[in-house]
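Student: Could we go through this structure together, one question at a time?
Tutor: Gladly; here it is.

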Amino acid sequence: MEIDLSPEDFEFRQEVRDFLKENTAKPGADYSQWRMDYFKKAAAKGGWDVPKWPVEFGGPGWSPTQHYIWDQETVTASLPWDMPFGIGMLAPILMNYGSKEQIDRFLPDIRERNVNWCQGYSEPGAGSDLASLKTKAVLSDDGTHYTVTGTKVWTTMAHMADWMFCLTRTDDTGIKQEGITFLLIPMKQDGIEVTPIITLGGAHSVNMVHITEVKVPVENRIGEEGKGWTYAKGLLQHERTGLAGISRSIVALENLKRQAQSVTRGNRTLMDDPAFRSKVAELEIDLLAVEFTELRSLAAAASGDDPGPESSILKLKGTEIQQRIQKLTVEAGGIYSAAWGVPVGHKFARSGMQGYLGGRANTIYGGASEVQKDVIAKNVLGLKRS
Amino acid sequence: MNFDISEEQQLLQQSVERFVNENYDLATRRKLVDSPQGYSDDNWSQMAELGWLALSFDESDGGFGGNQIDTMIVMEQFGRGLVVEPYFANIVLGGGIMKRSSNLELKTSLLPGIITGDVRLTLAHAEEQSRFDLDDVVTTAREDGDHYVLNGKKSMVPNAATATHVIVSARTGGGQQDKDGIALLLIDSGDLDGNHFPTVDGGRASELSLDNVRVPAERIIGDFNLLATAAHDAVLALSAEALGCMEVLYKSTVDYTQEREQFDHPLSDFQVVQHRMVDMFMEYEQCKSLLYRATLEAVQDAPTAVRTSHALKHLIGKSASFIGENAVQLHGGMGMTEELAIGHYFKRLLVIESQFGNTDYHLTQFAA
């Protein structure tokens, strides 16, 4: 057991800090130009544009500690926007199961952020029970293409995406996990209709996607027909670990403390209120623990072991903590949290309510908490259900 | 021992329930919420015609001599329908203060208009530094001959844009947190500068500035005790409304989980889901009991009435949060959409939590 940073780690941290400082957006600079420049410079550092990618695909090959340092340093820096769908979700599947042609065709554009991807998994009838999906893909007689018809839902950023990686059903005769096929489908074509879904916070980020008789060449199929579930499952685990957002919560809690200090109660601040203070303290204690749970998980992954039982709790604990911070922020906003769309009273109250409402989805997407617990009961504790 | 409401009150309940069922489907409500005013004048006139605006006033003042139980009945049904007309601001807050005012001249001149719906009141008590403390008042009312001159800022005033008059708490003397030296004054809303905006539940609120506003001395309505009594009534009314919201949320969740199938079963087959809904139901019933208790104590003017109202708002806050969050959670992605009613009830509960003291505030008051 060793938790102190080595001299090399300190050096690395300084290098990260210097890099982030040099590459923040200059006032008045063109945003998209800066964004593209940032990723180019990060690539020139030796894979800093794709920190989680393996070395053979251009990743930096960092140690768990270095990843941890990167996460900590970047969470407070203003990096250019980036979507996880291509870089974090599809890329690992391509690397593991894609053909050489597919890797050469898709990976460079993903890395250079030239192409936006979205994830076509959930359907109106297939949420937590994803394997019951029904979007149909029928192979043509000559074996050259699939014809795809169905509906996907909760598709984040589908309205901005160029491509969708999509789970489709090619066989419904066996058990439902078999007969699922993983296809890559261009979004900008006839037969694809994207309808916005407005969520509680008033925002539009998720969509309904209707796919009607869209032809997809077989070259766009990842791996074998009927094996899509196996490919996607590994990725889901990956996604869930990433959703814990521990570093972000640590920063959010610090912000909350500052905000509570700006709220006066008579001649004291809200942070002097014993009830509020102990809720903040409880959060801090949970964060101290879960931060190390994440480190244990990272270390296990780096040594090539299967993710241990500790990784399975990361999404559950991480999202629960996010929601508690969001709720306390609304509480700190007091009467002003009720105002909508205008900043009145405490400056943070407006985004606090938006964050809280939007954050209710955190325990629903990527596997609802109830289902996560089922998975842990079965896979980790070895429990059976009658 | 009898927890039944009277025959008249049953008729009232049915009448409000019918109004809500006929006028408040989600699409109609959305139109009202999106309109500039935020509610319907027709609905407001109908409420006056049905006598609901007169309920809580004495018969000698032209009312029906009702009490907090009648208000509870109306507000609970309003909660079930997410009614947006400003009954709370006008009748519970404004009317509640005016009917108890010792300024009889002012009272007699205003009550008839309140009952017809033409006079529309609201209460401006909150300030940025006060958080939930009614007695923390910085706004000043300086005596100047037979007038008072008011200066200060008031926050999150409900329905001020459509009010004809605003009741303002201001300090005529004493220190920032003294109960003595606080006066309630009636101000024509035309004399106030307002920043008007929507609230997260589709309601309306305002930030008001008082800049050397001159108010005749005969416009003094009362002192801090009147404000405290109004706050007591407000807690009861908001809690009744919250109970109506919670009932819809837990029942819709029970319905939805029986329809929605995943893993080849309705969600309601899963024990974890069943137990969660049993917890929601238990919270709801506990809130109902404490609402009845607190309301009856208020009607009887029991010595424990105020303390029980603190207990009530605390429990309502905790349970509303539990029921609201779990209703969204068990509806899954659908619970997150503007399209389903669930989210709208959840948002109304969030605003109720911020009005007249949140969960922590009332626990502190109860324990004090």
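Tutor: Let's start with a term: domain bounds come from an automatic or database domain assignment. This is a predicted model, in which local features need pLDDT of at least 70 and side-chain atom pairs count only at pLDDT 80 or more, while totals for chains, interfaces and linings use all residues. Residues are numbered from 1 along each chain as its sequence is written, and chains are lettered from A and ligands numbered from 1 in the order in which they are written.

Student: Into which domains is chain B divided?
Tutor: The assignment for chain B can be read along the chain. It gives domain 1 (7-117), domain 2 (122-223) and domain 3 (226-367).

Student: Which helix supplies the largest share of the side of domain 1 of chain B that touches domain 3 of chain B?
Tutor: Two residues are in contact if their C-beta atoms, placed from the backbone, lie within 7 Å. By that rule, 20 residues of domain 1 of chain B meet 23 residues of domain 3 of chain B. Helices here are DSSP runs of H or I with at least four residues, strands are runs of E with at least two, and both are numbered from the N terminus. On the domain 1 side, α4 (68-81) and α5 (87-99) of chain B each supply at least two residues, and the largest share, 10 residues, comes from α4(B).

Student: How do the residues of that side of domain 1 of chain B divide into nonpolar, polar and charged?
Tutor: Ala, Val, Leu, Ile, Met, Phe, Trp, Tyr, Cys and Pro count as nonpolar, Asp, Glu, Lys and Arg as charged, and the others, Gly among them, as polar. For the side of domain 1 of chain B that touches domain 3 of chain B, this gives 10 nonpolar, 7 polar and 3 charged.

Student: Why is chain B said to be as compact as a globular protein of its length?
Tutor: The radius of gyration is taken over C-alpha atoms, and the globule rule is 2.2 Å times the number of residues to the power 0.38. Chain B has 11 helices and 10 strands. For its 368 residues the rule gives 21 Å, and the chain is as compact as a globular protein of that length because its radius of gyration is close to this, at 21 Å.

Student: What percentage of the residues in chain B is buried?
Tutor: A residue is buried if 20 or more other C-beta atoms lie within 10 Å of its own, exposed if 12 or fewer, and partly exposed in between, with C-beta atoms placed from the backbone. Among the 368 residues in chain B, the buried share is 51%.

Student: Is B:Asn159 buried or exposed?
Tutor: B:Asn159 sits in the loop between β3 and β4 (165-171) of chain B. Its phi is near 50°, a positive value in a residue other than glycine. Most residues other than glycine have a negative phi. Since 28 other C-beta atoms lie within 10 Å, B:Asn159 is buried.

Student: And B:Asp264, buried or exposed?
Tutor: B:Asp264 is in the loop between β9 (261-262) and β10 (265-266) of chain B. Its phi is also positive, near 60°. With 9 C-beta neighbours inside 10 Å, B:Asp264 counts as exposed.

Student: How many residues does the contact take from chain B and from chain A?
Tutor: On the chain B side, the elements that each supply at least two residues include β3 (147-158), β7 (204-216) and α9 (305-330). By class, that side has 11 nonpolar, 14 polar and 8 charged residues. The contact takes 33 residues from chain B and 32 residues from chain A.

Student: How many residues of α1(A) are buried?
Tutor: Helix α1 (residues 7-22) of chain A has 16 residues, and the expected span is 1.5 Å times one less than that number. This gives 22 Å, which agrees with the 23 Å between its end C-alpha atoms. The helix lies largely in the open, because the number of its residues that are buried is 0.

Student: How far apart in space are A:Ile313 and A:Gln372?
Tutor: A:Ile313 is in the loop between α9 (309-312) and α10 (314-333) of chain A. With 18 C-beta neighbours inside 10 Å, A:Ile313 counts as partly exposed. A:Gln372 is 59 residues from A:Ile313 in sequence, and their C-alpha atoms are apart in space by 8.4 Å.
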